[in-house]
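Please study the sequence and the structure shown below before attempting the exercises. Each task is followed by a worked solution.

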Amino acid sequence: MFAEYNNIVIDHFMTPRNSGIIESYNAEGSYGDAGCGDSLTIYLRVENDVIVDISFLVFGCVAAIATSSMVTEMVKGISLQKAVLLKEDDVTVALGGLPKNKIHCSLIGVFALKNAIQNYYDNN
């Protein structure tokens, strides 16, 4: 099952960072890929336009869980203006690569993050 994944991906799958729902979140964003059934919701706690806390709930495969975990690690502590610039390739590179048929999984984290950022701006 894990033969196609590198150690970074397996680590983020086996011990995902920032999973669950944080208390006092003030933005959330979801995204799902109907083609493969993966779905993700990201929760943000934003203060002074900086992501001070972030968490996620995901339903999906090894790559979907690992990319969701990595997205949260990549943007925690940075400004919304910088976080919104995150690209799918950034996540894939940070994970050390994904199998070609799983690269689309990096999309759900980036799109859910952007939806959460938009939700924050819409409500503040």
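The exercises below concern a helix, two loops and a surface patch.

This is a predicted model, in which local features need pLDDT of at least 70, side-chain atom pairs count only at pLDDT 80 or more, and totals for chains, interfaces and linings use all residues. Residues are numbered from 1 along each chain as its sequence is written, and side-chain values use heavy atoms, with hydrogens and water left out.

**Exercise 1.** Determine which residues of helix 1 are buried and how they are arranged around the axis.

Step 1. Helices (H or I, at least four residues) and strands (E, at least two) are DSSP runs, numbered from the N terminus. Helix 1 covers residues 7–14.

Step 2. Buried means under 20% relative accessible area, exposed over 50%, and partly exposed in between (1.4 Å probe, protein chains only). The buried residues of helix 1 are Val9, Ile10, His12 and Phe13. They lie on the same side of helix 1, because they cover an arc of only 165° around the axis; the arc is that of the directions from the helix axis to the C-beta atoms.

Step 3. The exposed residues Asn7 and Met14 are carried by the face turned away from this buried side. Helix 2 (62–75) is included in what covers the buried residues.

Step 4. At the N-terminal end, Asn6 caps helix 1: a side-chain oxygen of Asn6 lies 2.9 Å from the backbone nitrogen of Ile8.

**Exercise 2.** Asn18 has a positive phi, and so has Asn48; state for each whether the residue is buried or exposed.

Step 1. Asn18 is not a glycine, although its phi is about 65°. Asn18 belongs to the loop between helix 1 and strand 1. With a relative accessible area of 18%, Asn18 is buried.

Step 2. Asn48, likewise not a glycine, has a phi of about 55°. The loop between strand 2 (38–47) and strand 3 (50–59) contains Asn48. Its relative accessible area is 77%, so Asn48 is exposed.

**Exercise 3.** Identify the residues that form a nonpolar patch with Ile21, and locate Ile21 in the chain.

Step 1. Ile21, Tyr25 and Leu57 form this patch on the surface, with about 270 Å² of accessible area together. Accessible areas come from the Shrake-Rupley method with a 1.4 Å probe; for residues, only the protein chains shown count as cover.

Step 2. Ile21 sits in the loop between helix 1 and strand 1 (27–33). Ile21 is exposed, because its relative accessible area is 51%.

Technical notes
Patch = residues over 30% accessible without salt bridge, like charges linked within 9 Å, V, L, I, M, F, W, Y side chains within 5 Å. Salt bridge = Lys/Arg side-chain N within 4 Å of Asp/Glu carboxyl O. Contact = heavy atoms within 4.5 Å. Polar contact = N/O pair within 3.5 Å; in protein donor to acceptor, adjacent residues only side chain to side chain.
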